[in-house]
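Reader: I'm new to reading protein models. Could you walk me through a few features, one at a time?

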Amino acid sequence: SIMFVATGGDPKLLVLLFDACPGIRWVHSLFAGVDVLSPFIKQRLLTSSVPLTNGRGAYSESLAEYVIAVALYFNKHIPACQANRANKRWDKFVMPVLRGKTIGFV
């Protein structure tokens with residue numbers, strides 16, 4: 001059996017779920033970071049032979065493309081362009097470029 005950890009929920013429930021399913025042979029976290037799973041890892045996985053894997057790298061390219069799409073979306077004023085198109089209005093405005101801009105990630 002596989003225990004698949006996805007978004008949301010109370011991490012404390014993982015211990016209960018793990019205990020209720022004695023046949024678990026593998027735990028996989030959808031996320032790259034497993035910090036939130038620390039209590040579960042310490043309480044159950046460190047003392048067992050059940051491996052823990054994560055989604056590290058699974059979304060790297062997709063996330064990078066999403067960042068580019070969002071940067072262009074806002075920088076190119078796509079919402080204003082869509083509104084103008086819907087209203088059949090063709091306002092003139094300066095179309096900025098991303099060159100020279102800085103993007104910060106939190």
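Reader: Let's start with Phe18: does it count as buried or exposed?

Author: Buried means under 20% relative accessible area, exposed means over 50%, and partly exposed is in between (1.4 Å probe, protein chains only). Phe18 has 13% relative accessibility, so it counts as buried. Before we go on, this is a predicted model, where local features need pLDDT of at least 70, side-chain atom pairs count only at pLDDT 80 or more, and totals for chains, interfaces and linings use all residues. Residues are numbered from 1 along each chain as its sequence is written, and side-chain values use heavy atoms, with hydrogens and water left out.

Reader: Which residue forms an aromatic pair with Phe18?

Author: In general, you describe a pair of aromatic rings by the distance of the centres and the angle of the planes. Rings of Phe, Tyr and Trp (its six-membered ring) pair if their centres lie within 6.5 Å; planes under 30 degrees apart are stacked, over 60 edge-to-face, and the rest tilted. A search of the whole structure turns up 2 aromatic pairs. In one of them, Phe18 meets Phe40 edge-to-face, at 5.6 Å centre to centre and 75° between the planes. That pair links distant parts of the chain, with Phe18 in helix α1 and Phe40 in helix α2, 22 residues apart. Helices (H or I, at least four residues) and strands (E, at least two) are DSSP runs, numbered from the N terminus.

Reader: Which residues of α2 are buried?

Author: Phe40, Ile41 and Leu45 are. They sit on the same side of α2, because they cover an arc of only 100° around the axis; the arc is that of the directions from the helix axis to the C-beta atoms. Contact means heavy atoms within 4.5 Å, and the buried residues of α2 pack against β1 (2-5), α1, β2 (26-29) and β3 (52-54).

Reader: How many salt bridges does a search of the whole structure find?

Author: A salt bridge is a side-chain nitrogen of Lys or Arg within 4 Å of a carboxyl oxygen of Asp or Glu. The search finds 2 here. In one, Arg44 bonds with Asp19, the closest N and O atoms being 2.7 Å apart. Arg44 lies in helix α2 (residues 38-45) and Asp19 in helix α1 (residues 13-20), so the pair ties together parts 25 residues apart in sequence.

Reader: And how far apart are the closest N and O atoms of Arg89 and Asp91?

Author: They're 2.9 Å apart in that salt bridge. Arg89 is partly exposed at 39%, and Asp91 is partly exposed at 40%.
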